[in-house]
Amino acid sequence: MKYVIGVDLGTSAVKILLVNQNGEVSREVSKSYPLIIERSGYSEQNPEEWVDKTTEGLAELLEQFDGDVNEIEGISFSGQMHGLVLLDENHKVLRNAILWNDTRTTKQCEEIYSVVGRERLLEVTKNPALEGFTLPKILWVKENEPQVFERASTFLLPKDYLRYRITGEVQMEYSDAAGTLLLNVAERQWSLEILKAFGLSAEFCPPLVESHDFVGNISSEFAKETGLLEGTKVFAGGADNACGAIGSGILSEGKSMCSIGSSGVILSYEERNDLDFAGKVHYFNHGEENAYYTMGVTLAAGYSLSWFKDTFGQQEEFEQFLGGVNEVPAGSNGLLFTPYIVGERTPHADSAIRGSFVGIDASHERKHFARAVLEGITFSLNESIEIFRSSGKTIDSIISIGGGAKNETWLQMQADIFNAKIEKLASEQGPGMGAAMLAAYGCGWFPSLKECAEAFIRVSKTYEPIQENVVQYKKLFSIYQNVYTQTKTLNDQLREFRK
Ligand SMILES: Nc1ncnc2c1ncn2[C@@H]1O[C@H](COP(=O)(O)OP(=O)(O)O)[C@@H](O)[C@H]1O
Ligand SMILES: O=C(CO)[C@@H](O)[C@H](O)COP(=O)(O)O
């Protein structure tokens, strides 16, 4: 039997899948790492931790593997998007990575609009200036840490840095480069116009490769540390949402995905690169050559739930913590939650808004709060679904992936709130599976990613909307939508008290 490895460098953990030629996950290892939050709005990680945890995880995976290591043909990567890893001329990391959910860069986003203009930025990059994207982070370091920036010679995104440490080759692939605000998304090349506008040279950007490209071999040192064979083929990989889409078979028009990881994403495949969504949704290059996708993003989806659990039930596993939520009726007995704990992206690009519980009643127990958190996250994702539906898309069936897809009650809730059929796959690890598929396709196991998807992806369960709940949630959703406007001014006033 032949195998490939898919590594998903997520925000909460690195998840490693060993996948066989039938698309079955033979072994799975996960190693978590923390966020470094020095102050409100900041979110960083140490890139060395990604390398250490991936090395440890691969070594553990190889230890459990009872086959012949020669049969592991290739490895590829999926990674949290947008995070800035600044490197000096010797490719040494200059500071902690500033992550996608770090919102310190509102001023730099305003600067981008004033220098390039919103319309032109949308024409070139297809996306608005959002705090989470990479260019604002580069400008923040330039302005606030000039002594660090002076030494910067290039930059990478999280999984591209990890891959560099495994192969010694510096590259970035299109699906992740699309989230930097430096790529001309339709022309698939670095935008010299935008680089020049901010005093950045073309050499600052790494060479671009395709997601399925063979980009190098595993170094002897990495082979020694993990048990993999030196020379195992390495394929570039993709942004976690592009890989999630590949791993869910979102490879043709009309298919949609819901991913609940630390962030939450509603994603739709696009063949064309010339549509105009006026910046309401993100519009990026797919991991499939010459394809695209659009998506709406909830900044703190799974992260709202893990924050709630860590704060009010740290010792418990998710299964235990969420044990009572199915006893609580739809609507959590009048308790509403907005998941804006680190700000929001879609539909409110607002780094200052914060979350709320509205309607707390003396009868509410922890299980009501827990269900309200799940409902609030799902309402936020429904705002993205509404944008897609109002642009003319039909969304009646959605593949659900990510850590959030582990919970049955949450999957049924997605069906009820989205009023669509929800499909759960044999593995909820969509991005890791997508990375494995890129390696399988890169190794030549299949003539196309679509054929690989047909062989690898299996729906394990479907959830149909329950009409009684659909009606309840429709009413609650319009109340939920009001909470943003009703709490905006209050949150602005509270800003000075945040640490
Ligand atoms: N058993 C579970 N039930 C419900 N949600 C879960 C469960 N396990 C993890 N999660 C959620 O999934 C999130 C992590 O998902 P994952 O896809 O691994 O994220 P990332 O790629 O950002 O690291 C957690 O923040 C948590 O909210
Ligand atoms: O910022 C985005 C997409 O624009 C996030 O979706 C990140 O890519 C992080 O993903 P997860 O860790 O939640 O998978």
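# A chat about a predicted model

Trainee: Is arginine 95 buried, exposed or partly exposed?

Mentor: In this predicted model, arginine 95 counts as partly exposed because 17 other C-beta atoms lie within 10 Å of its own, and the buried class asks for 20 or more.

Trainee: Where is arginine 95 found, and what does it touch?

Mentor: Arginine 95 is found in the loop that runs between strand 6 (85–87) and strand 7 (97–98). If residues up to four places away in sequence are not counted, arginine 95 touches Leu86, Glu145 and Val148.

Trainee: And how far apart are arginine 95 and methionine 437?

Mentor: From C-alpha to C-alpha they are 33 Å apart in space, and in sequence they are 342 residues apart. Methionine 437 belongs to the largest nonpolar core, where it is listed among the residues with the most contacts inside that core, together with Ile5, Val85, Ala436 and Ala439.

Trainee: How many residues does that core have, and which helix gives the largest share?

Mentor: The core has 141 residues, and its largest share, nine residues, comes from helix 13, which covers residues 366–390.

Trainee: You listed Ala436, so what is alanine 436 in contact with?

Mentor: Leaving aside the neighbours within four places in sequence, alanine 436 is in contact with Val4, Ile5, Gly6, Leu17, Val19 and Ser76. Ile5, one of these partners, is itself listed among the residues with the most contacts inside the core.

Trainee: Changing topic, what does UniProt list as the active site?

Mentor: The UniProt entry, which is unreviewed, lists Asp240 under "active site". In the model, aspartate 240 is found in helix 10, which covers residues 240–247.

Trainee: Is aspartate 240 buried or exposed, and why?

Mentor: Aspartate 240 is buried, because 34 other C-beta atoms lie within 10 Å. Apart from neighbours within four places in sequence, its contacts are Asp8, Gly10, Ser78, Gly79, Gln80, Met81 and Pro431.

Trainee: What surrounds the two ligands?

Mentor: Ligand 1 is surrounded by 19 residues, of which the closest are Gly10, Gly261, Ser262, Gly302 and Gly403, while ligand 2 is surrounded by 16 residues, with Thr11, Met81, Trp100, Gly261 and Ser263 as the closest. Gly261 is therefore listed among the closest residues for ligand 1 and also for ligand 2. Gly10, listed for ligand 1, and Met81, listed for ligand 2, are both in contact with aspartate 240.

Trainee: How do those shells divide into nonpolar, polar and charged residues?

Mentor: Around ligand 1 there are six nonpolar, eleven polar and two charged residues, and around ligand 2 there are four nonpolar, eleven polar and one charged.

Trainee: Which helix gives the most to the shell around ligand 1?

Mentor: Helix 11 gives the most, with four residues. Helix 11 (302–312) and helix 12 (318–321) each supply at least two residues of that shell.

Trainee: Which domain does UniProt list for residues 257–442?

Mentor: The unreviewed entry lists "domain: Carbohydrate kinase FGGY C-terminal" for that span, which in the model is 34% helix and 20% strand, with its end C-alpha atoms 24 Å apart.

Trainee: And the protein as a whole, how many helices and strands does it have?

Mentor: The protein has 17 helices and 24 strands. Its radius of gyration is 22 Å, close to the 23 Å that the globule rule gives for 499 residues, so the protein is as compact as a globular protein of that length. Buried residues make up 50% of the 499 residues.

Notes. Residues are numbered from 1 along each chain as its sequence is written. Chains are lettered from A and ligands numbered from 1 in the order in which they are written. This is a predicted model: local features need pLDDT of at least 70, side-chain atom pairs count only at pLDDT 80 or more; totals for chains, interfaces and linings use all residues. UniProt positions are given in the numbering used here, feature names are shortened, and annotations may be inferred rather than shown by experiment. A residue is near a molecule or strand if its C-beta atom, placed from the backbone, lies within 6 Å of it. Ala, Val, Leu, Ile, Met, Phe, Trp, Tyr, Cys and Pro count as nonpolar, Asp, Glu, Lys and Arg as charged, and the others, Gly among them, as polar. A residue is buried if 20 or more other C-beta atoms lie within 10 Å of its own, exposed if 12 or fewer, and partly exposed in between; C-beta atoms are placed from the backbone. Two residues are in contact if their C-beta atoms, placed from the backbone, lie within 7 Å. A nonpolar core is a set of buried Ala, Val, Leu, Ile, Met, Phe, Trp, Tyr and Cys residues joined through C-beta atoms within 7 Å. The radius of gyration is taken over C-alpha atoms; the globule rule is 2.2 Å times the number of residues to the power 0.38.
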